[in-house]
Amino acid sequence: MKTKAIIFDLDGVITDSAKYHFEAWKELADRLGYKFDEDDNERLKGVSRLDSLNIILEINNALDAFTLEEKEAMCTEKNDNYVNLIAKVTPEDILPGIAKFMADAKAAGLKLAVASVSKNAPALLTSLGIIDEFDYIADARKISKSKPDPEIFTVCAESLGIAPENCVGVEDSQAGIEAINAAGMKSIGINVTVTSITPDLPLKSTAELDFGKLCRAVECALAEIDVVTDGERVDGGGEYVVVDTRVICESVIFVGPVVFVRGAECVLADSSGVADGDGLKLCTIAEGVCADLGIIRALDGSNSGVSA
């Protein structure tokens, strides 16, 4: 798989506008006398405005208390609150690592897109000074299904003219990771609270984004690879055997060298070993690619651990 495009969520990935969404919803909820806190707000990430309102109403047992017209008016009120809050956003509000990650990706010829259900995305990207860096920005008005449905990521891929399997999505929510997965793309998760699907590359923050290493890790270590059964002997035939250790099987013998991959972290083991667990995925990659990943071969047979 060759990465040809990176598709970004906006809130919590490019900038921390999520806090403004929370404050805007909180202001509305307080006026209505409804409960709404930061834990409740987690359910709203990646969800459309109307669906977000319905979640707040459901939390307060008021889902059927308003007509659609009344709900639309409340959504407009929330949006007015949000627009007022983001009026002072500047390029300094771009999250750490994002600007360089985008620049490196564009320099490598990749296309960039934004998959945000926010109708304010173009205005926010303009305030951040990066709207012209993107080849496509999803039109939230034309997206009928919220994440975890893959529609918005599929639309981005189609608009870029790139197959989903050649795209990498960057998200900060569980719903977003599920949407990327359902679209047939690889995922980079930013501080995602995992309740179902684990991101292909889980990171603690955008500051950990490194285009040269992470994209190669997606392409090489986490590509479509075989599942090994218990007791099977794995021989890389002189190449590196890459093992995703988030899923490991029992008593598999490796004839190395072996690279154990934990998210974005790669560790080079010695020439043989045994793994314990209940399932394993692996593939072989060339030594040169391992060098690109920052993995140094232990020629003396000793263990050598490095981060990729």
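A residue counts as buried when its relative accessible area is under 20%. The exercises below apply to a predicted model.

**Exercise 1.** Determine what percentage of the chain's residues count as buried, and describe the accessible surface.

*Solution.* The chain has 308 residues, of which 49% count as buried. Its accessible surface comes to about 14200 Å². Carbon and sulfur atoms hold 48% of that surface.

**Exercise 2.** Classify the packing of helix α1 against helix α4, and state which residues make the contact.

*Solution.* Locate the helices: α1 covers residues 18–32 and α4 covers residues 68–85. Their axes are 8 Å apart and meet at an angle of about 135°. Angles of 65 to 115 degrees count as roughly perpendicular and those over 145 as roughly antiparallel; α1 is therefore oblique to α4. The crossing of α1 past α4 is right-handed. On α1 the contact is made by Y20, H21, E23, A24, W25, E27, L28, R31 and L32, and on α4 by M74, E77, K78, N81, Y82 and L85. By class, these residues comprise eight nonpolar, two polar and five charged.

**Exercise 3.** Classify the packing of helix α3 against α4 in the same manner.

*Solution.* Helix α3 spans residues 49–59. Its axis lies 10 Å from that of α4, at an angle of about 105°. Because angles of 65 to 115 degrees count as roughly perpendicular, α3 is roughly perpendicular to α4. The contributors from α3 are R49, L50, L53, N54 and L57, while α4 supplies L68, K71, M74, C75 and N79. Six of the contact residues are nonpolar, two polar and two charged.

Conventions. Residues are numbered from 1 along each chain as its sequence is written. This is a predicted model: local features need pLDDT of at least 70, side-chain atom pairs count only at pLDDT 80 or more; totals for chains, interfaces and linings use all residues. Side-chain values use heavy atoms; hydrogens and water are left out. Axes are lines fitted to C-alpha atoms, for helices over the stretch in contact, and angles run from 0 to 180 degrees between N-to-C directions. Helices (H or I, at least four residues) and strands (E, at least two) are DSSP runs, numbered from the N terminus. Angles under 35 degrees count as roughly parallel, over 145 as roughly antiparallel, 65 to 115 as roughly perpendicular and the rest as oblique. A crossing is left-handed if the near helix is turned anticlockwise from the far one by less than a right angle, and right-handed if clockwise. Contact means heavy atoms within 4.5 Å. Ala, Val, Leu, Ile, Met, Phe, Trp, Tyr, Cys and Pro count as nonpolar, Asp, Glu, Lys and Arg as charged, and the others, Gly among them, as polar. Buried means under 20% relative accessible area, exposed over 50%, partly exposed in between (1.4 Å probe, protein chains only). Accessible areas come from the Shrake-Rupley method with a 1.4 Å probe; for residues, only the protein chains shown count as cover.
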